[in-house]
Amino acid sequence: MAKIKKTLSNWLNNRHILIIQNEEDFSHKATYNFTYARIIFFSFLAFVLIFVISFYLVNTVLAQWFDPTHAERETRKDLVTMSLSLDSLATELENRDLFIQSIKRVLEGDEGTGKEELAETEAGQVELSRNPNSQEIDSLFKSEFETGGDFLLGRNIDNMELRQTYLFSPISGYVSQPFDPKNEHFGIDVVSKKDEPVKCIADGTVIFASWTQDAGNVIAVQHKENLISVYKHNSALTKEVGNFISAGEILAIIGNTGELTNGPHLHFELWYNGSAVNPEDFIVF
């Protein structure tokens, strides 16, 4: 056995010379030194390289040309990705619809039901990005809101994005009653000239345009960044639900409609991420 190993080792490691000569005059052209061990090693490397390249081509370029199931597999992958995206989009749209419905109920005077749905919608939006430690915080948030707490005061809301957004003044005049959420006055009252047009503060879509017992003719516009503007006590509305409206475009005429008014004025509210904020912090009247 030892003799066989020695013979194999000698055979692999014996040095050989390959001489290349011209056939006609036997002139010397080139000389190469080699061993069988070196030939086997480089042959193995070449095999591995060829195998890797072939495997890559079979699963990419050649698969597209010759594999009849490749297109089906890629289509299935795309369908799975699209299905996940649609599920996520459907959840966001459902939360947005619930949020808009809750705002509509608040504007129509059904504040109890609207606030409960608003709290549920906000909780659903938080659920999408919830971490394991946020359940207790969410419970505290709900209990604080349900007890008539400071949810509507916008106390802990980051308004940095809103402050960086330019908002048009809805009307020119002076503020007769400021923002006072502790007394359930979630906007400001602006007195102006008779039949003064009310303008939209930013681009958006009308989500509410109707008559309510307390606020008369009311119109609300959904803007980007979860911002909603509300205009109450108008004598007339110029837009309908679903209309896209540009910044500065007229959407109503100042008036004195509804039971909760004692003279011609505009009651204007700003709702950001579901909470009322002071319009005077962002708009110059």
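**Strand pairing, aromatic pairs and the nonpolar core**

I'll start with one residue: in strand β7, the bridge partner of Thr 205 is Gln 222. Before going on, note that this is a predicted model.

Thr 205 also has a partner in β10, and that one is Phe 244. The strand behind this is β6, residues 204-212. β6 pairs with β7, residues 216-223, in the antiparallel sense, over seven bridges. Three residues lie between β6 and β7, and the two form a hairpin. β6 also pairs with β10, residues 244-245, again antiparallel, over two bridges.

Staying with β7, let me take His 223, which is found in that strand. Is His 223 buried or exposed? Its relative accessibility is 7%, so it counts as buried, the limit for buried being under 20%. Its side chain makes a polar contact of 2.7 Å with the side chain of Ser 229. Not counting residues up to four places away in sequence, His 223 touches Cys 200, Ile 201, Ala 202, Asp 203, Gly 204, Ile 228 and Ser 229.

Next, the aromatic rings. The count comes to eight aromatic pairs. Take Tyr 166 and Phe 168: their ring centres are 5.3 Å apart and their planes are at 75 degrees, so this pair is edge-to-face. The cut-off here is over 60 degrees. As for accessibility, Tyr 166 is exposed, with a relative accessible area of 63%, and Phe 168 is partly exposed at 33%.

Then there is Phe 186 with Trp 271. The ring centres are 6.0 Å apart and the planes are at 50 degrees, so this pair is tilted. The pair links distant parts of the chain, with the two positions 85 residues apart in numbering. Phe 186 sits in the loop between β3, residues 174-177, and β4, residues 188-191. Trp 271 is in strand β12, residues 266-272. Phe 186 is buried, with a relative accessible area of 11%, and Trp 271 counts as buried at 6%. Elsewhere, Phe 47, Phe 51 and Phe 55 form one aromatic cluster.

Now to β4, where Ile 188 is found. How accessible is Ile 188? Its relative accessible area is 0%, so it is buried. Which residues is Ile 188 in contact with, leaving aside its neighbours within four places in sequence? There are Val 175, Gln 177, Pro 178 and Phe 179; then Leu 266, His 267 and Phe 268; and finally Asn 278, Pro 279, Glu 280 and Phe 285. Of these contacts, Asn 278 is 90 residues away from Ile 188 along the chain, yet their C-alpha atoms are separated by 7.8 Å.

Last, the nonpolar core. The largest one has 38 residues. Those with the most contacts inside it are Ile 201, Tyr 231, Leu 251 and Leu 270. Which elements give two or more residues to this core? They are α4, residues 70-108, together with the strands β4, β6, β7, β8 (227-234), β11 (250-253), β12 and β13 (275-277). The largest share, five residues, comes from β12.

To recap, the hairpin partners β6 and β7 both give residues to that core. β12 holds Trp 271 and gives the core its largest share. That's the end of my part.

Notes
Residues numbered from 1 in each chain as written. Predicted model: local features only at pLDDT ≥ 70, side-chain atom pairs only at ≥ 80, totals over all residues. Heavy atoms only, no water. Pairing = 2+ DSSP bridges. Helix = DSSP H or I, 4+ residues; strand = E, 2+ residues; numbered from the N terminus. Buried < 20%, exposed > 50% of the residue type's maximum accessible area, 1.4 Å probe, protein only. Polar contact = N/O pair within 3.5 Å; in protein donor to acceptor, adjacent residues only side chain to side chain. Contact = heavy atoms within 4.5 Å. Phe/Tyr/Trp six-rings, centres within 6.5 Å; stacked < 30°, edge-to-face > 60°. Core = buried A, V, L, I, M, F, W, Y, C linked by side-chain atoms within 4.5 Å.
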